[in-house]
Amino acid sequence: QVLASNVALFDAMLAPDFFEPLPDEAALESELTRLKRDAVHLEALLDLCRRWALGRRFQAGLHVLLGFADATSASRALTSIAELVLRTLLPEAERWLEAQHGRVPGGAFCVIGMGKLGSRELTLGSDLDLVFVYDAPPEAVSDGEKPLPPQTYYARLGQRLVSAISAQTAEGRLYEIDTRLRPSGSVGPVAASLDNFTRYHESTAQIWERQSLTRARPVAGEPVLAEKLAAIIDEALARPSDAETLRTEVRTMRFRIFKEHGSDNPWNIKHCRGGLVELEFMAQFLVLLHGAEEPRLRTTDTRSVLATAIEIGMLDEPRGHRLLQAIDLLHALQAVLRLSTTGRDFDPTKAPRGLKDALVLAANRQLNLGVPVTHFDAIQGLLVESETLTAHYFDELCPPPDESNAGAGSGEAANEKETS
């Protein structure tokens with residue numbers, strides 16, 4: 001179906017390196033830099049970026065499906081592709097705005113990646129969670145024929161970038177964009193000033209927003225501002241949290257999401273009990289609870305947080321390694337399911353043999369299991385066991401207030417976007 005809807009992907013498959021190991025970010029950047037020299041105008045660049053990104057994303061997905069790459073390698077490649085697209089199209093959006101309104105003297109703009117972009121865990125079909133931040137001198141205005149104040153100027157810049165990435169063209173759509181994780185959510189300005197971003201995360205942000213911040217990092221924009229933002233994010237995560245309040249709020253938010261999206265199907269990899277959301281919430285809980293005294297925990301990807309927690313003795317090794325196995329297994333299976341049309345409604349009793357074989361192959365590749373490809377039931381059993389243990393460990397970290405509430409959430413927290 002993918003090839004039928006985009007025949008240009010056949011050209012990508014014919015590239016000499018298509019079945020070679022997935023390229024690293026430096027190789028991808030060199031390739032895109034070379035290709036974009038042929039783009040003589042903005043529309044040509046937009047189409048070129050779409051063809052290139054779709055081809056490379058298709059390559060990463062097919063490598064997982066065929067067992068050539070594990071899910072971690074594919075996620076890193078998919079994240080690099082997204083970041084390179086952002087870094088390529090942002091200057092074009094800036095030039096478009098400058099032609100009408102000039103520049104803001106002394107101004108700077110930066111894009112923060114949140115969610116799976118920030119944690120370098122993108123999968124096929126992931127949207128991009130972005131936050132826009134600018135810095136400009138007080139009372140500054142742009143110096144063009146139609147001057148604008150910084151808030152309006154940089155809001156338009158962010159909107160132009162979103163349009164360049166998410167607009168549907170003959171070559172397809174690059175990504176869906178979500179900007180609701182910005183300070184104050186949908187009611188806040190599209191682009192936040194550096195001062196407002198700092199103050200918000202110093203004094204106003206709710207716990208679910210602090211959870212989201214654990215996976216935030218600058219991904220494009222002016223380098224000095226990016227360094228400032230990285231330091232501000234790190235300082236926000238280093239502030240101590242009240243343990244009991246944190247446990248209550250994290251559990252409440254987790255079960256609010258479960259109420260909206262969860263199911264008893266263990267193949268709902270993201271939202272079922274013990275699924276990816278629960279693993280991510282556990283890592284975010286550890287960062288917010290212990291990040292002040294353990295700086296090494298303040299990293300963005302879930303697996304690294306859990307591995308660090310084992311290393312410093314915060315998680316005992318048997319439990320910690322079961323959690324690492326769980327997240328590796330879930331990422332591997334999710335990577336394959338994202339390539340199918342069933343998504344989270346996967347039903348093994350109705351799934352074609354080829355898809356089930358691909359799931360076994362992906363689990364073997366990720367975990368070095370050596371399970372015969374026809375033994376799908378063994379992988380399903382490991383999945384159920386991993387999710388059951390993860391749910392148990394989560395309930396130990398963030399226990400229900402009493403036995404009557406075990407397995408149910410109050411749903412009182414407010415959120416506009418899942419923190420995962």
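These points go through the ring pairs, charged pairs, one helix and the nonpolar core of a predicted model.

1. Aromatic pairs. The model has eight aromatic pairs. In one of them, the ring centres of phenylalanine 255 and phenylalanine 258 are 6.3 Å apart and the planes meet at 70°, so this pair is edge-to-face. The angle decides the class, because planes over 60 degrees apart count as edge-to-face. Phenylalanine 255 and phenylalanine 258 belong to helix H11 (residues 243–261), where they are three residues apart, about one turn of the helix. An α-helix has 3.6 residues a turn, so residues three or four places apart point the same way. Both phenylalanine 255 and phenylalanine 258 are buried.

2. Ring cluster. Elsewhere, ring pairs connect Phe109, Phe132, Tyr134, Tyr153 and Tyr154 into a cluster.

3. Charges over rings. Phenylalanine 255 also has a charged partner: the charged end of arginine 254 sits over its ring, 5.7 Å from the centre. A second case is arginine 57, whose charged end sits over the ring of tyrosine 175 at 4.5 Å from the centre.

4. Salt bridges, buried case. Side chains of opposite charge can pair when their charged atoms come close. The structure contains 26 salt bridges. One of them joins glutamate 83 to arginine 217, with 2.4 Å between the closest N and O atoms. Glutamate 83 is in helix H5 (residues 71–101) and arginine 217 is in strand E5 (residues 217–221), so this bridge ties together parts that are 134 residues apart in sequence. Are the two partners buried or exposed? Glutamate 83 has a relative accessible area of 7% and is therefore buried; arginine 217, at 9%, is buried as well. The limit that matters here is 20%, because buried means a relative accessible area under that value.

5. Salt bridges, partly exposed cases. Glutamate 385 pairs with arginine 322, the closest N and O atoms being 2.6 Å apart. Helix H16 (residues 376–397) holds glutamate 385 and helix H14 (residues 317–337) holds arginine 322, so the bridge ties together parts 63 residues apart in sequence. Glutamate 385 is partly exposed at 40% relative accessible area, and arginine 322 is partly exposed at 32%. A further bridge links glutamate 176 and arginine 173, with the closest N and O atoms 3.6 Å apart. Here glutamate 176 has 45% relative accessibility and counts as partly exposed, as does arginine 173 at 33%.

6. Salt-bridge network. Arg251, Arg254, Arg273, Glu278 and Asp395 form one network through salt bridges that share partners. Arg254 in this network is also the residue whose charged end sits over the ring of phenylalanine 255.

7. Helix H12. This helix (residues 276–290) has 15 residues and spans 21 Å from its first C-alpha to its last, close to the 21 Å expected at 1.5 Å a residue. Of its 15 residues, 14 are buried, so H12 is largely enclosed by the rest of the structure.

8. Nonpolar core. The largest nonpolar core has 124 residues, and the members touching the most others are Leu89, Val111, Ile112, Phe197, Trp267 and Leu333. Which element gives the largest share of this core? Helix H5 does, with 13 residues. Helix H5 also holds glutamate 83 of the bridge in point 4.

9. Leucine 333. Neighbours within four places in sequence aside, leucine 333 is in contact with Trp267, Ile269, Leu359, Ala363, Ile379 and Leu383. Of these contacts, Trp267 is also among the core residues that touch the most other members.

How values were computed:
Residues are numbered from 1 along each chain as its sequence is written. This is a predicted model: local features need pLDDT of at least 70, side-chain atom pairs count only at pLDDT 80 or more; totals for chains, interfaces and linings use all residues. Side-chain values use heavy atoms; hydrogens and water are left out. Rings of Phe, Tyr and Trp (its six-membered ring) pair if their centres lie within 6.5 Å; planes under 30 degrees apart count as stacked, over 60 as edge-to-face and the rest as tilted. Helices (H or I, at least four residues) and strands (E, at least two) are DSSP runs, numbered from the N terminus. Buried means under 20% relative accessible area, exposed over 50%, partly exposed in between (1.4 Å probe, protein chains only). A charge sits over a ring if NZ of Lys or CZ of Arg is within 6 Å of the ring centre and within 35 degrees of the ring normal. A salt bridge is a side-chain nitrogen of Lys or Arg within 4 Å of a carboxyl oxygen of Asp or Glu. The expected span of a helix is 1.5 Å times one less than its number of residues. A nonpolar core is a set of buried Ala, Val, Leu, Ile, Met, Phe, Trp, Tyr and Cys residues joined through side-chain atoms within 4.5 Å. Contact means heavy atoms within 4.5 Å.
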